[in-house]
Amino acid sequence: MDTIANSHREITKDYGNSVIKNVWVDSSEPKQKLSIESTRAIKGSMLEALQTAQDSIICLYTPFLDPEILRLVSKIADNTRIYIYTKDQNTLQEISHHSLVRIGENLAGSFVLIQKNKNIQGFFSTKDFDIESNQLFLELDSNQCNDFWHYFITCFWKDAKKEYIAGQEKEIKEINQKDFISPFQNDFDTEFITDSISQRKSNALIQLQENSPLIDLLQDFEACNFLLQDSKILSDEILENSTTSNFVITNIGFDSIDTDIFLSDNNALLYRLSLNDTQNTMFKKLRESIVITKTFVHEVALNELIDKTLHYLDGTTAKVEQSITHTDSIQCEEFLDKDELERQDLDYTQIWQDKYPHTCKVSYSFDVIPFYTPAHFTKANLYNEWDNTHKALHNAINEALKDIEKTQEKQKELEGFGALLEGVKKSFKQFFLGKNTNLKDIATKLNEIKDKATLETLNIDSTQSYIKDLQEFANTISENSGEINSKLDEAKEYDKWQISKNELVEKIQRLQQDCEAKRKELINKEKEYKAKEANLDSMQEDIQNLHKECDNLQNELNTPQDSKDKNTDIESRLSQTTQTLNSRNNAYDTEKKNKEALDKHIKTEKEKLQKDEDKLKSLNNDLETKYEKFHYDEKDSKESESSLNYMYDKKSTAKREINIPIPKEDCPNTGVLKEDKNDKNERLLEISLWSEVEMAKQEAQRLKAKLSIRQQDSSQQKG
């Protein structure tokens, strides 16, 4: 697969021939149990000898008193002198009634001596007289009895610390001269021991117990066989340097060099027992049956120790295994090429030494993990910068397209001026047709840029090219928009001019009609005035006639009449004429007032008519002067209403440019650029395919980044 992922490898290494040095090895031999029949027989002989020891001297030397022997002491005490040397103070109250008991500090092993009629019989045990599987139980010969007799006297009479008689502690007395026994003389020393070993050389079989006083005497000897009670009996230095000696751990509890047994207590050498042939045969059987729990090896192949437990000198332990599987991984700290990644290997030997030094075969199963992008690296801010540039570029394109739409809407708006297009400004239609064709071409090119200028394909060069084209288109759109706005303003101004002219003509016509109506009305009013004037003259004449008639009737009345009835008739006619005169005077006054009012009205209407005529003259003058011919003053200072103005550099007055920020770097052509959240200068170019490597290296060098691998799903990580 081309995907970069974890590479799994498996390999098995055999370390079976590796050498283990200076180590204790647990024995794999089955445990044996020593037959105690011979020991039981010797103890039986000892008990029988004690039971028959009448008129005898018995010397008992033992650290701890055996219950069977204690019971015998009480039985044979009447006819026997019994001396007991021990450090066991638990039963002294009882036994001191039957014997002389003294307490010592340093005791090792046990022996009993029975002297009767100048004959002496003795028995020896490396511990006490209890039967155990790891002790030696012997019957002593005469020479050995003699040596132990002298040793007992020395311990009993000179080394004892306390004495008990009849259940009470007594003062220590000097040696009893009546026994006629001379003090024990130590017939061996360190020279004897070293000479003994030197004579045997590699044949020496040395058996040591814990805290043995012989240890310091054995450091200079090599090629010996050592039976040790504990692995710490000898120093690490002795074990490591004595490469010609053999060392084993057993459950023995006394010191011996071949046929010599050395007993000690509190790190003090007390006495030696040299075995005769019969005793040595028993001792040999004991050694053969003793379980060897550990063996010290100086050098041994690991495959010879399978399933065995090793005990190192520093106290650590380990079990040797046949095989094991080691699961591991190699985490690459930097990007590696495919060949180099496949060459990555574990330090098998070091891993074996550190983790599995006691395993013969190790199967290594491990993954080589490429350098995955750390979690604290996030997508670089460069992508946000390009995203903002992409959005700004597309916003500019969209705004330019909107301006084109607005300009096209203005053409439709101009088409609304039907009279204009049909009349004086028919050239506008041809002008807009050309502009519309030009803007359509620009819109097509803008949409092409919009399709090509994807976020994935944008780079510094292409963006600069797009901005350059967009700048030209924006300038053209702005220029066209300005021209179109100017033409549209001219059309609107003409439309306003035409509307104003029409309104003025209509106003003149209405005013002319009003003036004509007023003239006709004045003529009628003047005719009415003349009628009233003629009527007043007629009424004046009639009133004068009535005055004359009244004067005549008054004269007649003043003239005496022939009869009373005639005077009455004259008075009646005078009264009637006077009433008529009064009525005619009232009518005259009313008519006169109406005439005066009409005269005033006529004068007022004439003034109004004069004003309307003056106004009509003025309007006609305006019609002739202002609306004879349309004239448009182009507004040179009019700013374009283009929505692209928001992108123009407002500080520039000479030339306005589209201000779209361009990042200083291109996005990588392959992979994903990531940066440290805490240190933006730390960059990684993240890839996932081997086929990306060659290009990614070039891109990483350009971006000052290092290569890393995209983390795959867990199901995809094994390659």
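**Close-up views: an aspartate and some aromatic rings**

**View 1. D66, tucked away in a loop.** With a relative accessible area of 9%, D66 counts as buried, because the cut-off for that word is under 20%. Keep in mind that this is a predicted model. You'll find D66 in the loop that runs between β3 (56–61) and α2 (67–76). Leaving aside residues up to four places away in sequence, D66 touches K43, F129 and D130.

**View 2. F156 and W157, an edge-to-face pair.** The count of aromatic pairs here comes to 24. In one of them, F156 and W157 meet edge-to-face, with 4.9 Å centre to centre and 80° between the planes. Both F156 and W157 are buried.

**View 3. W497 and Y627, a tilted pair.** These two rings, W497 and Y627, sit 5.8 Å apart centre to centre, with 35° between the planes, and form a tilted aromatic pair. This pair links distant parts of the chain: W497 belongs to helix α13 (residues 460–558), while Y627 is in the loop between α14 (564–625) and β23 (672–676), and the two are 130 residues apart. Are W497 and Y627 buried or exposed? Both W497 and Y627 are buried.

**View 4. A cluster of linked rings.** Here, ring pairs join Y61, Y83, Y85, F111, F124, F148, Y151, F152, F156, W157 and Y271 into a cluster. You've already met F156 and W157 as the edge-to-face pair.

**View 5. K379 over a ring.** What lies over the face of Y383? That would be K379, at 4.7 Å from the ring centre.

Technical notes:
Residues numbered from 1 in each chain as written. Predicted model: local features only at pLDDT ≥ 70, side-chain atom pairs only at ≥ 80, totals over all residues. Heavy atoms only, no water. Helix = DSSP H or I, 4+ residues; strand = E, 2+ residues; numbered from the N terminus. Buried < 20%, exposed > 50% of the residue type's maximum accessible area, 1.4 Å probe, protein only. Contact = heavy atoms within 4.5 Å. Phe/Tyr/Trp six-rings, centres within 6.5 Å; stacked < 30°, edge-to-face > 60°. Lys NZ or Arg CZ within 6 Å of the ring centre and 35° of its normal.
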